[in-house]
Amino acid sequence: MSHPTALQIATDRTVVKRAAKIAFVVGVIIAMINHGNKITSGTMDAAAWAKCALTFLVPYSVSTYSSVMSVRELLLSLVD
């Protein structure tokens, strides 16, 4: 029986949708904590917007990694 690769799991529709939802919620919170004052005062420059956009990659990556590890662990437990 062939198991899916980590990349196949990470790009699975359900994993991507879950990670995107989590990244949106957590990303907004982190962006507001880190950049909220600049956003509300209208003083964001291009570098700050780039950092703000990158803020969303952290929760997306953590959620995806967690899902991949969980699925792999589940598949391995089913084999035993």
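**Exercise 1. Work out how serine 67 sits in this predicted model, starting from its polar contact with arginine 18.**

*Solution.* Begin with the side chains: those of serine 67 and arginine 18 are joined by a polar contact of 3.5 Å. Next, place the residue in the fold: serine 67 belongs to helix α4, which spans residues 57–79. Now list its company. Beyond residues up to four places away in sequence, serine 67 touches Ile9, Val15 and Arg18. Finally, ask about exposure. The relative accessibility of serine 67 is 11%, and the cut-off for buried is under 20%, so serine 67 counts as buried.

**Exercise 2. Compare serine 63 and valine 62 of α4: which is buried and which is exposed?**

*Solution.* Start by locating the two: serine 63 is found in helix α4, and valine 62 is in helix α4 too. Then read the relative accessible areas. Serine 63 has 9% and is therefore buried. Valine 62 has 54%; exposed means over 50%, so valine 62 counts as exposed. To finish, look at the surroundings. Leaving aside neighbours within four places in sequence, serine 63 is in contact with Arg18, Ala19 and Ile22. For valine 62, a distance can be added: its C-alpha lies 22 Å from that of histidine 3, with the two positions 59 residues apart in sequence numbering.

**Exercise 3. Follow alanine 19 from its helix to its contacts.**

*Solution.* Alanine 19 has its place in helix α2. Its relative accessibility is 0%, so it counts as buried. Which residues does alanine 19 contact, once neighbours within four places in sequence are left aside? They are Tyr60, Ser63 and Thr64. As a last step, try a distance across the sequence: alanine 19 and serine 66 are 47 residues apart in sequence, yet 9.6 Å apart in space, C-alpha to C-alpha.

**Exercise 4. Describe the packing of α2 with α4.**

*Solution.* Two packed helices are described by the angle between their axes and the distance between the axes. Here the axes of α2 and α4 come within 8 Å and cross at roughly 145°. The hand of this crossing is right-handed. Now for the residues: α2 brings Val15, Val16, Arg18, Ala19, Ala20, Ile22, Ala23, Val26 and Gly27, and these meet Pro59, Tyr60, Ser63, Thr64 and Ser67 of α4. Sorted by class, the contact of α2 with α4 has nine nonpolar residues, four polar and one charged.

**Exercise 5. Find how α3 is oriented relative to α2 and to α4.**

*Solution.* Take α2 first. Helix α2 covers residues 13–41 and helix α3 covers residues 46–55; their axes come within 9 Å and cross at roughly 165°. Angles over 145 degrees count as roughly antiparallel, and α2 and α3 are therefore roughly antiparallel to each other. The crossing in which α2 passes α3 is right-handed. On the α2 side the contact is made by Gly27, Ile30, Ala31, His35 and Ile39, and on the α3 side by Ala48, Trp49, Lys51, Cys52 and Thr55. Six of these residues are nonpolar, three polar and one charged.

Now turn to α4. The axes of α3 and α4 come within 5 Å and cross at roughly 20°. That value falls under 35 degrees, so α3 and α4 are roughly parallel. Ala53, Leu54 and Thr55 of α3 meet Leu57, Val58 and Pro59 of α4. By class, this contact of α3 with α4 holds five nonpolar residues, one polar and no charged ones.

Note on methods. Residues are numbered from 1 along each chain as its sequence is written. This is a predicted model: local features need pLDDT of at least 70, side-chain atom pairs count only at pLDDT 80 or more; totals for chains, interfaces and linings use all residues. Side-chain values use heavy atoms; hydrogens and water are left out. Axes are lines fitted to C-alpha atoms, for helices over the stretch in contact, and angles run from 0 to 180 degrees between N-to-C directions. Helices (H or I, at least four residues) and strands (E, at least two) are DSSP runs, numbered from the N terminus. Angles under 35 degrees count as roughly parallel, over 145 as roughly antiparallel, 65 to 115 as roughly perpendicular and the rest as oblique. A crossing is left-handed if the near helix is turned anticlockwise from the far one by less than a right angle, and right-handed if clockwise. Contact means heavy atoms within 4.5 Å. Ala, Val, Leu, Ile, Met, Phe, Trp, Tyr, Cys and Pro count as nonpolar, Asp, Glu, Lys and Arg as charged, and the others, Gly among them, as polar. Buried means under 20% relative accessible area, exposed over 50%, partly exposed in between (1.4 Å probe, protein chains only). A polar contact is a pair of N or O atoms within 3.5 Å; within protein, one must be able to donate a hydrogen and the other to accept it, and residues adjacent in sequence count only if both atoms are side-chain atoms.
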